[in-house]
Amino acid sequence: MRSPKGTFDVLPDAERARALIADHGAEILDAAGYGRIETPAFEDTELFERGVGESTDVVRKEMFTFEDQGRRSITLRPEGTAPICRAYVEHGMHKLPQPVKLWYRGPFFRYERPQEGRFRQFNQIGAEAIGTDSPVADAELIVLLDELLRGLGIDDAELRLSSLGNPEARAGYRERLRDYLREHQVELSDDVRSRIDTNPLRAFDADHAGTRAVMAEAPTMIDSLDEADAEHLAAVRRMLDAAAVPYRLDGTLVRGLDYYTRTVFEFTCERLGAQSGLGGGGRYDGLIEQLGGPPTPGVGWGAGIERILLAMPEAPPDRIPEAFVIAADGDLERAFGVALSLRRARLATRLDLAGRSFKNQMRQADRSGARVAVILEDGGGVQLREMGSGEQRAVALDELADAIARG
Ligand code: HAM
């Protein structure tokens, strides 16, 4: 048996790097005042239909949707923003001081064609600031994602930034874009042509050569912003400049989810090939109202943990134990007791559980990288051996933990 297509098991060696990402993320997000939230792995299907948008690929073809025994339509969450906005409304978080700043981490599910960096169950770490339309929140979040990636050694990610403006300005722009696409119909891919009415912006995302050539000349939203939206974008840019976070203004940036307004951004890493998106997000000033809440602006991002892993330059080293307990007398139960007392003294301690020979236990201790070996001799004696120098001395059992801790 194998795990289902597009899924994977995380074995202990791989988990170490994941834990590093999670710990680093938690540290910088907690420090910036974001609190961790957990929402369920599945939601009512309607949440994503209303929140993510029925014309998006995510809702049209990528959701794991099923009927539960009570005949409710349930969907494994394909993304985290709509569920968090649902929770914000459900728990009356608009009554808290605004903005409410939240972060999350966990599995997400999309029925996509699996390939390197693209899975059907994947993990995201994400952050949202809900209840402010200030461009300072946009800048804060973008800088945090930049810091997250750089702190993990990824310093060649490119940040693309754009603005989708407000819904009215965007509606006008979409009409102009539709006219332009209709003028060039014959040069477009079938898929793009069939979506001129429902989702003309997706044309910017196409791989098809003819479509790309048409889109290179297409009008962009960034040139159609009204004054307030243009100033919002300008403010975000000023703060990114002040923070020395480089970005490329890119009017062709499209995001695969419908809720975005104003700022959108994405960090990409060319080294990853086709699935180069490390993380992205933007503003969703209409989403909470769309989900039945009071009009409430919000902004945030989600980053793919598997993509970050692929982009990270080096795997973190194995956890190196402080001590390795060696039963030279062959008495594994005694070794177990000694190891336990060291662990209870908060010293990372290993021991051989397989009854290996003295020589093989020494070899294992060496391989583990432990700083010291605790050799339990016949007759009850204990030797403390510095693995580096080979220096060895007798130590009383009740002084062992202190002797090791002192180094
Ligand atoms: P998204 O761009 O759809 O945005 O996903 C965010 C990140 O999740 C992507 O940049 C990518 O790294 C990762 N990802 C997406 N799909 C897959 C997959 N099939 N396999 C592996 N990794 C994947 C969102 O989900 C929004 N909720 C982000 C957001 C938060 N916007 C505002 N707030």
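Let us begin with L287, which has its place in helix α10 (residues 287-290). Helices here are DSSP runs of H or I with at least four residues, strands are DSSP runs of E with at least two, and both are numbered from the N terminus. L287 counts as buried because its relative accessibility is 0%. Buried means under 20% relative accessible area, exposed means over 50%, and partly exposed lies in between, using a 1.4 Å probe and protein chains only. L287 is 202 residues away from C85 in sequence, yet their C-alpha atoms are 7.6 Å apart in space.

Some background helps before going on. This is a predicted model, in which local features need pLDDT of at least 70 and side-chain atom pairs count only at pLDDT 80 or more, while totals for chains, interfaces and linings use all residues. Residues are numbered from 1 along each chain as its sequence is written, and side-chain values use heavy atoms, with hydrogens and water left out.

**Around the ligand**

Which residues come nearest to the ligand? Of the 27 residues around the ligand, these are E79, E112, E128, Y260 and G277. A residue is near a molecule if one of its heavy atoms lies within 4 Å of it. The shell around the ligand divides into nine nonpolar, eleven polar and seven charged residues. In this grouping Ala, Val, Leu, Ile, Met, Phe, Trp, Tyr, Cys and Pro count as nonpolar, Asp, Glu, Lys and Arg as charged, and the others, Gly among them, as polar.

The table shows distances from a nitrogen atom of the ligand to atoms of the protein.

| Protein partner | Distance from a ligand nitrogen atom |
|---|---|
| Y259, N or O atom in the side chain | 3.0 Å |
| G300, polar backbone atom | 3.4 Å |
| W301, polar backbone atom | 3.4 Å |

Taken alone, the ligand exposes 660 Å², and the protein buries 95% of that. Such areas come from the Shrake-Rupley method with a 1.4 Å probe; for residues, only the protein chains shown count as cover. The elements that give two or more residues to the shell are β6 (121-130), β10 (277-283) and β11 (298-304). Of the elements, β10 gives the most to the shell, with six residues.

**Strand β6 and its partners**

Why is β6 described as largely enclosed by the rest of the structure? Nine of its ten residues are buried, so β6 is largely enclosed. Strand β5 (residues 100-109) runs antiparallel to β6 and is joined to it by ten bridges. Two strands pair if DSSP finds at least two bridges between them. Within this pairing, W103 stands opposite A127 in β6. β6 also pairs with β11 in the antiparallel sense, over seven bridges, and I125 stands opposite A303 in β11.

**A sheet of three strands**

Elsewhere, an open sheet of three strands follows the order β2-β4-β3, with antiparallel pairing. Its edge strands, each pairing on one side only, are β2 (42-44) and β3 (64-67). On average, neighbouring strands of this sheet are turned by 30 degrees against each other, direction ignored. Three bridges hold the antiparallel pair of β2 and β4 (residues 73-76), and here D44 stands opposite I74 in β4. The antiparallel pair of β3 and β4 has four bridges, and S73 in β4 is the bridge partner of E67. β3 and β4 form a hairpin with five residues between them, and R71 in the turn has a positive phi of about 65 degrees.

**Loops worth a look**

Most residues other than glycine have a negative phi, and most peptide bonds are trans. Against that background, Q98 and P99 are joined by a cis peptide bond, with omega of about 0 degrees. P99 sits in the loop between α4 (81-90) and β5.

A244, a residue other than glycine, has a positive phi near 60 degrees. A244 lies in the loop between α9 (227-242) and β8 (248-249), and is exposed, with a relative accessible area of 62%. R346 is not a glycine either, and its phi is positive at about 65 degrees. The loop between α12 (332-344) and β13 (349-351) holds R346.

Is R346 buried or exposed? R346 is exposed, because its relative accessible area is 79%.

N166, in the loop between β7 (158-163) and α6 (167-183), is buried, with a relative accessible area of 14%. A polar atom of the N166 side chain lies 3.0 Å from the backbone nitrogen of E168.

Key: A polar contact is a pair of N or O atoms within 3.5 Å; within protein, one must be able to donate a hydrogen and the other to accept it, and residues adjacent in sequence count only if both atoms are side-chain atoms. Axes are lines fitted to C-alpha atoms, for helices over the stretch in contact, and angles run from 0 to 180 degrees between N-to-C directions.
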